[in-house]
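Please look at the structure shown here with its sequence, and follow the side chains as the text takes them up in turn. Charged groups come before the aromatic rings.

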Amino acid sequence: MKKFNVGVIGATGMVGQRFLLLLENHPWFNVVCLAASSSSAGKKYKDALRRWHMSAPLPEKYADMVVMDADADKEKIAAMADFCFCAVNMNKEDIKALEYAYAKLECPIVSNNSAHRFTPDVPMVIPEINADHIRIIESQRKRLGTKRGFIAVKSNCSLQSYVPLLHPLKKFGIKSAAVTTYQAISGAGKTFETMPEIIDNIIPYIGGEEEKSEKEPLKIWGSIQDDEIVPATTPAITAQCLRVPVSDGHTAAVFVNFENKPTKEEILSAWAEFSGEPQALKLPSAPAQFIHYFEEDNRPQAKLDRMTENGMAICAGRLREDNVFDYKFVGLSHNTLRGAAGGAVLLAELLAKKGYFD
């Protein structure tokens, strides 16, 4: 695989920082430019940072790179990079415009942002589940009038803790699912130092999160028709999303009803045997085993299990029959690895392997 030159737009934020750690020694991707808001532009990266949020130290290779202006310098950035990751903190319409501008400059964008998740010809991809949706990029390029440029996005971080566990069970006919997610503070770009109100507390509201949690799975399970991805109409999903005092790792309590109720052994077998394109292609960031099931009654736990397979696996536990639904279980994913930067890097690896950056 050839090496690709990469830009990181939104490099000073928490997800941007995670991107830089993941890309530090990446075998395919070489970071050549860092971009952020005009207030950070022109500064060395180490000086532009308000705070380095990661537990691992800031890699020396980035410390003295001069931060570029994500908007004003976009022509320069597009000329330097084969593609860019984007994780900016702006309003949705401004993000849409910025990502379109890069795509039209023939610089593909792999986005962590939500702005384009429901644009009909923008693929929203969990690589193990709907890798085939990247085919819609050809339709998007026709609409944009580009040869190389496009936008591809990853789904919301909360989905990773339950959609990958529901997906292998679709063959049993999922009628409905109820999900409560217990979401880490890093999902809000916070640490315990910057979010003291979460200590000894649970906040029962995360703006926009429940709508995303209920609707995004249907696009992921949708189908390409003509020049757009048409969302699935089933199963019905209802969600509640709570912010909890955990640094990293989103946990989900999941309840599910089936058309054809499987046995517990059939569910466990479906999880154990499931793999997708990343595993078949042996992508660098792909977990060897996508879903890990824990037999212990008190697992998975965010603190103990979020780093399973470098934070890129999905963990499950406590599968049992229910007296209202057919089954209930617990899921766990690392929200800034599988759920954010890691998921975007894995998507970029899929796109690279399939030739979309050539």
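In this predicted model, Asp64 has a relative accessibility of 44%, and because partly exposed covers the range between under 20% (buried) and over 50% (exposed), Asp64 counts as partly exposed. Lys46 falls into the partly exposed class as well, with a relative accessible area of 41%, and Lys44, at 37% relative accessibility, is likewise counted as partly exposed.

What joins Lys44, Lys46 and Asp64? They are linked in a network of salt bridges. Within this network, Lys46 forms a salt bridge with Asp64, and the closest N and O atoms of the two are 3.1 Å apart. Since Lys46 belongs to helix α2 while Asp64 lies in the loop between α3 and β3, this pair ties together parts that are 18 residues apart in sequence. Asp64 also meets the side chain of Lys44 in a salt bridge, with 3.9 Å from N to O. Here Lys44 is found in the loop between β2 (29-36) and α2 (45-48), and Asp64 in the loop between α3 (60-63) and β3 (68-69), so the pair ties together parts that are 20 residues apart in sequence.

The count of salt bridges comes to 13, and another of them joins the side chains of Lys74 and Asp71, at 2.8 Å from N to O. Is Lys74 buried or exposed? Its relative accessibility is 16%, so Lys74 counts as buried, whereas Asp71, at 44%, counts as partly exposed.

A positive charge can also be placed over an aromatic ring. The charged end of Lys104 sits over the ring of Tyr100, 5.7 Å from the ring centre, and the charged end of Lys261 sits over the ring of Tyr327, 5.4 Å from its centre.

Aromatic rings pair with one another too, and the structure holds 16 aromatic pairs. In one of these, the rings of Phe150 and Tyr356 have centres 6.3 Å apart and planes at 75°, and the pair is edge-to-face because planes over 60 degrees apart are classed in that way. This pair links distant parts of the chain, with Phe150 in the loop between α7 (137-144) and β6 (151-153), Tyr356 in the segment after α13 (337-353), and their positions 206 residues apart. Both Phe150 and Tyr356 are buried. Ring pairs also link Phe150 and Tyr356 into a cluster with Phe4, Phe19, Trp28, Phe29, Phe83, Phe85 and Phe357.

Technical notes:
Residues numbered from 1 in each chain as written. Predicted model: local features only at pLDDT ≥ 70, side-chain atom pairs only at ≥ 80, totals over all residues. Heavy atoms only, no water. Phe/Tyr/Trp six-rings, centres within 6.5 Å; stacked < 30°, edge-to-face > 60°. Helix = DSSP H or I, 4+ residues; strand = E, 2+ residues; numbered from the N terminus. Buried < 20%, exposed > 50% of the residue type's maximum accessible area, 1.4 Å probe, protein only. Lys NZ or Arg CZ within 6 Å of the ring centre and 35° of its normal. Salt bridge = Lys/Arg side-chain N within 4 Å of Asp/Glu carboxyl O.
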